[in-house]
Amino acid sequence: MGDQPVLLERRGHVGCIRLNRPEELNTFNYETLVCLDNILDEIANDPKAIRVVIVEAEGRAFSAGADLKERKSLNEQQVRRNVRKIRDVFSALERLPQPSIAAISGYAFGGGFELALACDFRYAIRGALMGLTEVSLGIIPGAGGTQRLPRLIGPSKAKELILTARKITADEAHTIGFVNAVADDQAHLAELCGKLAGEILNNAPLAVYQAKRAIDVGAGGDLQTGLDFESKAYEVIIPTKDRVEALAAFQEKRKPVFTGE
């Protein structure tokens with residue numbers, strides 16, 4: 001799978017980010033975070049070619065979080081550097097214009113759980129365990145977990161999971177709304193992620209990007225702020241070639257061919 005800690009594979013218009021430290025349960029050391037950051041920058045700057053992102057992992061873990069072996073060797077200043085880096089990198093993932101799908105194929109603890117949280121969609125394999133386990137290690141979630149999880153599943157349930165450091169199954173994660181669906185095995189997980197990516201790819205990419213952004217902005221503020229942003233997002237779409245193509249295709253009773261322009 002190569003010697004880089006994170007790999008990017010282009011599958012048509014899908015960009016597949018693969019965590020590639022299976023022997024270390026895909027934990028995040030500083031090198032891994034820098035590599036992931038560079039890949040996210042590449043994806044963000046290529047929205048015409050890469051229209052959907054899938055985040056997956058090599059081996060039996062999605063990610064067990066921070067690399068505690070490295071963390072033990074760091075001084076306080078270096079720990080702060082790593083925490084800032086992982087927070088910034090996951091925020092960059094969340095800000096991608098392209099929709100992102102986490103394929104949780106195994107353990108997802110701490111930073112691994114937070115990586116999935118930064119994605120737009122999450123699918124997990126049955127048997128996977130996951131959770132924000134930081135308080136059991138004398139720290140707190142530092143890559144967005146205390147902020148993103150309450151917004152996703154509600155403050156009370158998020159506090160229950162974070163303050164107990166509880167590990168939950170994929171089925172439990174589905175019940176509380178953390179994952180969109182549970183896959184029976186690896187092949188089924190790939191099928192679910194691929195199907196969702198394909199459904200998104202059927203649509204005009206610029207419209208998808210603006211709709212995603214409008215939802216994200218609206219979710220973080222009051223209704224009127226969201227409505228105002230939705231109006232601005234719609235204005236961006238009006239002059240696009242894809243909007244004109246969609247109208248022409250409808251009239252001609254054919255499938256539209258979107259170019260992202």
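Start with the lining of the second largest cavity in this predicted model: by class, four of its residues are nonpolar, one is polar and one is charged. To see them, select Phe-28, Leu-33, Ala-66, Arg-71, Asn-82 and Ile-86, which line that cavity. The charged one is Arg-71 and the polar one is Asn-82. The space they surround has a volume of about 30 Å³.

Next, clear that selection and pick Arg-51, Val-52, Ile-200, Leu-201, Asn-203, Pro-205, Val-208 and Tyr-209. You're now looking at the residues that line the largest cavity. About 40 Å³ of space lies in there. This lining has six nonpolar residues, one polar and one charged.

Which helices should you color here? Go for helix H8 (186-201) and helix H9 (205-219), the elements that give two or more residues to the lining of the largest cavity. H9 gives the most, with three residues. That completes the cavity stops: the structure holds two cavities of 30 Å³ or more.

Now zoom out and switch to a cartoon view. The protein chain has eleven helices and ten strands. Its C-alpha atoms fill a box of roughly 60 × 45 × 40 Å along the principal axes. A compact globule of 261 residues would have a radius of gyration near 18 Å, and the protein chain agrees with that, at 19 Å.

For a last look, try coloring by burial and then turning on the surface. Buried residues make up 45% of the 261 in the chain. The accessible surface comes to about 13400 Å², with 53% of it belonging to carbon and sulfur atoms. If you show contacts between residues at least 6 apart in sequence, 67% of them join residues at least 24 apart.

Note on methods:
Residues numbered from 1 in each chain as written. Predicted model: local features only at pLDDT ≥ 70, side-chain atom pairs only at ≥ 80, totals over all residues. Heavy atoms only, no water. 1 Å grid on protein atoms, 1.4 Å probe; cavity = no way out; pocket = protein on both sides within 12 Å on 5 of 7 lines; lining within 4 Å. Points joined across faces, edges and corners; volume = space filled by probe spheres on them. Helix = DSSP H or I, 4+ residues; strand = E, 2+ residues; numbered from the N terminus. Rg over C-alpha atoms; globule rule 2.2 N^0.38 Å. Buried < 20%, exposed > 50% of the residue type's maximum accessible area, 1.4 Å probe, protein only. Contact = heavy atoms within 4.5 Å. Areas by Shrake-Rupley, 256 points an atom, 1.4 Å probe, with all protein chains shown as cover.
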